[in-house]
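Let's take a walk through this one, starting with the whole chain and then zooming in on a few side chains. Keep the viewer open as you read.

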Amino acid sequence: MATLPGLPADPDDDPAAYVGRSADDAAARARARGWTDVRTLPPGAIVTMEYRAGRLNLEVEHGTVRRCWKG
């Protein structure tokens with residue numbers, strides 16, 4: 001994703017590295033790596049499409065991260 005002017009930079013972190021981790025482990029790792037907002041969501045949850053710098057979204061099913069994305 002291109003950097004948007006005026007927004008703080010996201011942590012230098014790969015969202016794909018969270019897939020397969022437990023939800024608790026992933027959230028703790030994300031906060032330790034500088035994400036200011038960590039959001040866990042069930043599969044298929046309806047979410048707004050606004051981009052928030054510093055937010056990491058974790059789609060969690062049965063306690064395991066299945067998908068992860070910035071914003």
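Start with burial: of the 71 residues in the chain, 34% are buried. Bear in mind that what you're looking at is a predicted model. The accessible surface adds up to about 4,600 Å², and carbon and sulfur atoms supply 52% of that.

How does the overall size fit? A compact globule of 71 residues would have a radius of gyration near 11 Å, and the chain comes in at 12 Å, so the two agree. Laid along its principal axes, the C-alpha trace spans about 40 × 25 × 15 Å.

As for secondary structure, the chain has one helix and three strands, and the order along the sequence is α-β-β-β. Among contacts with a separation of 6 or more, 38% link residues 24 or more positions apart.

Now zoom in on Glu61, which sits in strand 2, the stretch covering residues 55-61. Is Glu61 buried or exposed, or something in between? Its relative accessibility is 33%, and because the partly exposed class runs between the 20% and 50% cut-offs, Glu61 counts as partly exposed. Leaving aside residues up to four places away in sequence, Glu61 touches Pro43 and Arg66. Glu61 and Ala23 are 38 residues apart along the chain, yet their C-alpha atoms are separated by 8.8 Å.

Finally, the rings. If you go hunting for aromatic pairs, you'll find zero in the structure. What you do get is arginine over rings: Arg67 lies over the face of Trp69, 3.9 Å from the ring centre, while Arg29 lies over the face of Tyr18 at 5.2 Å from the ring centre.

Key: Residues numbered from 1 in each chain as written. Predicted model: local features only at pLDDT ≥ 70, side-chain atom pairs only at ≥ 80, totals over all residues. Heavy atoms only, no water. Helix = DSSP H or I, 4+ residues; strand = E, 2+ residues; numbered from the N terminus. Buried < 20%, exposed > 50% of the residue type's maximum accessible area, 1.4 Å probe, protein only. Contact = heavy atoms within 4.5 Å. Phe/Tyr/Trp six-rings, centres within 6.5 Å; stacked < 30°, edge-to-face > 60°. Lys NZ or Arg CZ within 6 Å of the ring centre and 35° of its normal. Rg over C-alpha atoms; globule rule 2.2 N^0.38 Å. Areas by Shrake-Rupley, 256 points an atom, 1.4 Å probe, with all protein chains shown as cover.
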